[in-house]
Amino acid sequence: MSNPQQLRYSKEHEWLSAADEDGVSTIGITEFAANALGDVVYVQLPDVGSTVTAGETCGELESTKSVSDLYSPVSGEVTEINEDVVNDPALVNSAPFEGGWLFKVRVTGEPEELLSADAYTAFAEN
């Protein structure tokens, strides 16, 4: 399992990119989570314009094995969802850190309790 060093990670197995110049970060699930879920067949993402809260559920991922809640690693306003993932949920499995991203958030406040790639890898392996 390879976790990109430039991302930060939650203990709920989501990743967060650094904010761009507009304060917007991209969120997805990790390769570890995608593998644990199995083949993802449906995603429910938060609505554009809605507010998400760090640590709270904001959607669902349904796989051939189970239905899992999606948690937001940060608080903020949803600015975009990945329509490609809505139309082809398998992207979550095949490219969790690239084309399988889930949504973008204009972050309010500094994210807390997020892990570095190395700390997340150690956490996920235990």
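Okay, let's begin with a word we'll need: a residue counts as exposed when its relative accessible area is over 50%, and as buried when that area is under 20%. Now take Glu 113: its relative accessibility is 73%, so Glu 113 counts as exposed. One more thing before we go on: what you have on the screen is a predicted model.

Let's stay with Glu 113 for a moment. Where does Glu 113 sit? You'll find Glu 113 in the loop between β9 and α4. Its backbone is worth a look too. Most residues other than glycine have a negative phi. Glu 113, though, isn't glycine and has a positive phi, near 60°.

Glu 113 also turns up at the largest pocket. That pocket has a volume of about 250 Å³. How many residues line the largest pocket? There are 17, and the ones nearest its centre are Ala 54, Gly 55, Pro 73, Glu 112 and Glu 113. If you sort the lining by character, you get six nonpolar residues, six polar and five charged.

There's another positive phi to show you, in His 13, where the angle is near 75°. His 13 is in the loop between β1 and β2. Is His 13 buried or exposed? With 18% relative accessibility, His 13 falls under the 20% cut-off, so it counts as buried.

Okay, on to the rings. A pair of aromatic rings is described by the distance of the centres and the angle of the planes. The count here is three aromatic pairs. Let's start with Tyr 9 and Tyr 120: their ring centres are 4.9 Å apart and their planes meet at 15°, which is why we call this pair stacked. Which elements does the pair link? Tyr 9 belongs to strand β1, residues 8–9, while Tyr 120 belongs to helix α4, residues 117–125, so the pair links distant parts of the chain, 111 residues apart. Both tyrosines are buried. And they have company, since Phe 123 joins Tyr 9 and Tyr 120 in one aromatic cluster.

The next pair is Trp 15 with Phe 97. This one is tilted, with 6.1 Å from centre to centre and 45° between the planes. Trp 15 is in strand β2, residues 14–16, and Phe 97 is in the loop between α3 and β9, so this pair ties together parts of the chain 82 residues apart in sequence. Here too, both partners are buried.

Now, please find Lys 104, which does two things. It lies over the face of Trp 101, at 5.1 Å from the ring centre. It also takes part in a salt bridge. Side chains of opposite charge can pair when their charged atoms come close. The structure holds one salt bridge, and the side chains that meet in it are Lys 104 and Glu 80, at 4.0 Å from N to O. Lys 104 is in strand β9 and Glu 80 is in strand β8, residues 76–81, so the bridge ties together parts 24 residues apart in sequence. How accessible are the two partners? Lys 104, at 23% relative accessibility, counts as partly exposed, and Glu 80, at 35%, counts as partly exposed as well.

Last stop: Asp 69, in strand β7, residues 67–71. Its relative accessibility is 40%, so Asp 69 counts as partly exposed. If you look across to Glu 12, you'll see that the two C-alpha atoms are separated by 9.4 Å, with these positions 57 residues apart along the chain. Okay, that's my tour, thanks!

Terms used
Residues numbered from 1 in each chain as written. Predicted model: local features only at pLDDT ≥ 70, side-chain atom pairs only at ≥ 80, totals over all residues. Heavy atoms only, no water. Phe/Tyr/Trp six-rings, centres within 6.5 Å; stacked < 30°, edge-to-face > 60°. Helix = DSSP H or I, 4+ residues; strand = E, 2+ residues; numbered from the N terminus. Buried < 20%, exposed > 50% of the residue type's maximum accessible area, 1.4 Å probe, protein only. Lys NZ or Arg CZ within 6 Å of the ring centre and 35° of its normal. 1 Å grid on protein atoms, 1.4 Å probe; cavity = no way out; pocket = protein on both sides within 12 Å on 5 of 7 lines; lining within 4 Å. Points joined across faces, edges and corners; volume = space filled by probe spheres on them. Nonpolar A, V, L, I, M, F, W, Y, C, P; charged D, E, K, R; others polar.
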